[in-house]
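Q: I would like a close look at one part of this model, the sheet and what packs around it. Please keep it brisk and spell out the cut-offs.
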Amino acid sequence: FCRAGDTSLGRWEPSVTAHSRAGQLAAPRRTRKMMGGVPDNASPTIHAAALVQRPREEMLREADESQDDEIDALEIFEHIRHINDPEHPNTLEQLKVARLEDIAVGADDTVTIHFTPTVPHCSMATLIGLSIRVKLLRALPDKLKVDIFVAPGSHASEHAVNKQLNDKERVAAALENAKLLEVVHGCLNGANGPNAGS
């Protein structure tokens, strides 16, 4: 994310690794391959998608337009589970980056999401978090406050990543960056499963 005049954490900075330099978005896998680069996690573990279904009564209640439909963790998960990883041809669910049990919806209209990068030095963590935020900005009502964090202890730059993902000014500036938004849209193109919302 960028802030005018800020040269430190004020810029959109994926975690600094051999694959990225401060202030620049690390290239997605297909771009890295063309440049001879290697993904942070060249062979991630792929998991089967979870078979998560609502009870029949709940599905009928949700289909009834006359009743209020409360947003819950499962609905949030349905929105983000199909987002593509920026480095691999897999979804966040398949890589266990996003998991239903790491989503909480509070009675005070807050949504808290923890995601787990596949490696502690993942240079794509901020891009993954931004993709989740953009997807939910498009899919959820404005009244909800969404907080996105890397899972505690799952990333070497946990504090810096969390700070970027939850700073409104940095998110807004990132969304004004055409190249960055193009990469985010590439991640969201996989999010066209059920309940894609955009």
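Start with the pairing: which residue in strand 2 does Ala104 stand opposite?

A: Ala104 stands opposite Thr112, a residue of strand 2. Some ground rules first. This is a predicted model, in which local features need pLDDT of at least 70, side-chain atom pairs count only at pLDDT 80 or more, and totals for chains, interfaces and linings use all residues. Numbering starts from 1 along each chain as its sequence is written, and side-chain values use heavy atoms, with hydrogens and water left out.

Now the overall layout. The protein chain holds seven helices and three strands. These are DSSP runs numbered from the N terminus: helices are H or I with at least four residues, strands are E with at least two. Read from the N terminus, the order is α-α-α-β-β-α-β-α-α-α. Of the 198 residues in the protein chain, 44% are buried. Buried means under 20% relative accessible area, exposed means over 50%, and partly exposed is in between, with a 1.4 Å probe and protein chains only. Take the contacts between residues at least 6 apart in sequence: 65% join residues at least 24 apart. A contact here means heavy atoms within 4.5 Å.

Next, the sheet. It is open, with three strands in the order 1-2-3 and mixed pairing. Two strands pair if DSSP finds at least two bridges between them. Strands 1 and 3 are the edges, each with a single partner strand, so one side of each has no neighbour in the sheet. From one strand to the next, the twist averages 10 degrees. Strand 1 (103-105) pairs with strand 2 (110-115) in the antiparallel sense, over three bridges.

Thr110 belongs to strand 2. Its relative accessible area is 18%, so it counts as buried. Beyond four places in sequence, Thr110 touches Ala104, Val105 and Lys145. The side chain of Thr110 also makes a polar contact of 2.8 Å with the side chain of Asp108. A polar contact is a pair of N or O atoms within 3.5 Å; within protein, one must be able to donate a hydrogen and the other to accept it, and residues adjacent in sequence count only if both atoms are side-chain atoms. Thr110 and Asp147 are 37 residues apart in sequence, and their C-alpha atoms are 7.6 Å apart in space.

After strand 2 comes a loop to helix 4, and Thr116 lies in that loop. Thr116 is partly exposed, at 25% relative accessibility. Leaving out residues up to four places away in sequence, Thr116 touches Lys96, Val97, Asp102, Ala151 and Ser154.

Two helices lie across the strands. Helix 3 crosses strands 1 and 2, at about 130 degrees to strand 1. Helix 4 crosses strands 2 and 3, at about 160 degrees to strand 3. Axes are lines fitted to C-alpha atoms, for helices over the stretch in contact, and angles run from 0 to 180 degrees between N-to-C directions.

The nonpolar core comes next. Such a core is a set of buried Ala, Val, Leu, Ile, Met, Phe, Trp, Tyr and Cys residues joined through side-chain atoms within 4.5 Å. The largest one has 38 residues, of which Ile76, Ile80, Ile113, Phe115, Ile132 and Leu136 touch the most other members. Elements giving it two or more residues are helix 3 (73-80), strand 2, helix 4, strand 3, helix 5, helix 6 and helix 7 (178-188). Helix 4 gives the most, with seven. Ile132 touches Ile80, Ile83, Leu92, Ile113, Phe115 and Ile148, with residues up to four places away not counted.

Last, helix 5 (158-165), where the buried residues are Val161, Asn162, Gln164 and Leu165. Viewed down the axis of helix 5, these buried residues fall within an arc of 160 degrees, so they line one face of the helix. That arc is taken from the directions from the helix axis to the C-beta atoms. The cover over these buried residues includes strand 2, helix 4 (125-139), strand 3 (145-150) and helix 6 (168-175). Asn162 has a relative accessible area of 13% and is therefore buried. Past four places in sequence, Asn162 is in contact with Ile148, Phe149 and Val150.
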